[in-house]
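Thanks for coming. I will take a few minutes to go through one structure that is new to most of you. Please have a look at it first.

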Amino acid sequence: MLIRLIVLWLLSEQPLHGYRIKRALDDDGLAFWFPVEFASIYSVLRTLVKQGFVEVAGTEQEGARPQRMLYRITRPGRLHYRELLARAWQSLDPPGDAAQLALAALPDLEPAALTEALHARKQALVERLAQCEALRRAAPEPAMADRTRALTQADLAWLESFATSQGISLKGA
């Protein structure tokens with residue numbers, strides 16, 4: 001749903017070709033907020049065209065580059081876009097992620113490996129906080145940075161508590 005929503009969001013502003021969508025996500029500093037694989041943009045565009053939410057609006061050629069198909073959102077696509085936006089507020093990310101699996105397999109890690117992994121996770125979370133602040137202005141809405149910071153701080157607090165329960169100190173890490 002996320003990539004579909006991103007594509008419709010960008011097309012709601014103006015007709016674009018797939019490469020321009022990818023560049024918008026990269027150039028505007030949105031890659032931190034919405035990491036999207038280039039191939040998935042075209043896959044979603046093809047699906048949206050088949051479903052009638054997007055249509056080919058013509059072609060565009062920039063300099064000596066190859067011609068690219070321009071896509072634009074249709075009226076049903078705008079309705080679908082609004083439905084997806086409303087659904088996005090209601091949906092929660094699935095609770096299963098790589099960290100959850102690592103917790104499920106906790107007995108399989110040696111204590112030294114667990115200590116090292118927890119220190120590495122803490123470092124990654126601290127780096128995410130720094131990235132969040134550095135890219136705050138690139139976010140289309142400041143609340144995105146606020147939410148990411150709050151979630152990351154909560155993850156850090158949980159990590160500290162979990163490490164303590166395992167007899168591991170993350171101080172100085």
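I will talk about salt bridges and then about one pair of helices.

Before anything else, keep in mind that this is a predicted model. A search through the whole structure turns up 8 salt bridges. I will go through some of them.

Start with Glu-60 and Arg-20. These two form a salt bridge, and their closest N and O atoms are 3.4 Å apart. Where do Glu-60 and Arg-20 lie? Glu-60 is in strand β1, residues 54-60, while Arg-20 is in helix α2, residues 18-27, so the pair ties together parts that are 40 residues apart in sequence. As for exposure, Glu-60 has a relative accessible area of 25% and is partly exposed. Arg-20 is also at 25% and counts as partly exposed.

The next pair is Asp-155 with Arg-121, a salt bridge in which the closest N and O atoms are 2.8 Å apart. This one links two helices: Asp-155 belongs to helix α7, residues 142-165, and Arg-121 to helix α6, residues 111-134, so parts 34 residues apart in sequence are tied together. Asp-155 is partly exposed, with a relative accessible area of 21%. Arg-121 is partly exposed too, at 30%.

Now stay in helix α7 for a pair within a single helix. Asp-146 and Arg-149 meet through their side chains in a salt bridge, 2.9 Å from N to O. They are 3 residues apart in α7, which means about one helical turn separates them. Asp-146 has a relative accessible area of 32%, which makes it partly exposed, and Arg-149, at 24%, is partly exposed as well. Which residues join Asp-146 and Arg-149 in one network? They are Glu-133 and Arg-136, connected through salt bridges that share partners.

That leaves the helix pair. Helix α1 covers residues 2-11 and helix α3 covers residues 38-50; their axes come within 10 Å and cross at roughly 75 degrees. The two helices are therefore roughly perpendicular to each other. Which residues of α1 and α3 meet? On the α1 side there are Ile-3, Arg-4, Val-7, Leu-8 and Leu-11. On the α3 side there are Ser-40, Ile-41, Val-44, Leu-45, Thr-47 and Leu-48. Sorted by type, the residues of this contact come to 8 nonpolar, 2 polar and 1 charged.

That is what I had to show.

Key
Residues numbered from 1 in each chain as written. Predicted model: local features only at pLDDT ≥ 70, side-chain atom pairs only at ≥ 80, totals over all residues. Heavy atoms only, no water. Salt bridge = Lys/Arg side-chain N within 4 Å of Asp/Glu carboxyl O. Helix = DSSP H or I, 4+ residues; strand = E, 2+ residues; numbered from the N terminus. Buried < 20%, exposed > 50% of the residue type's maximum accessible area, 1.4 Å probe, protein only. Axes fitted to C-alpha atoms, helices over the stretch in contact; angles between N-to-C directions. Parallel < 35°, antiparallel > 145°, perpendicular 65-115°, else oblique. Contact = heavy atoms within 4.5 Å. Nonpolar A, V, L, I, M, F, W, Y, C, P; charged D, E, K, R; others polar.
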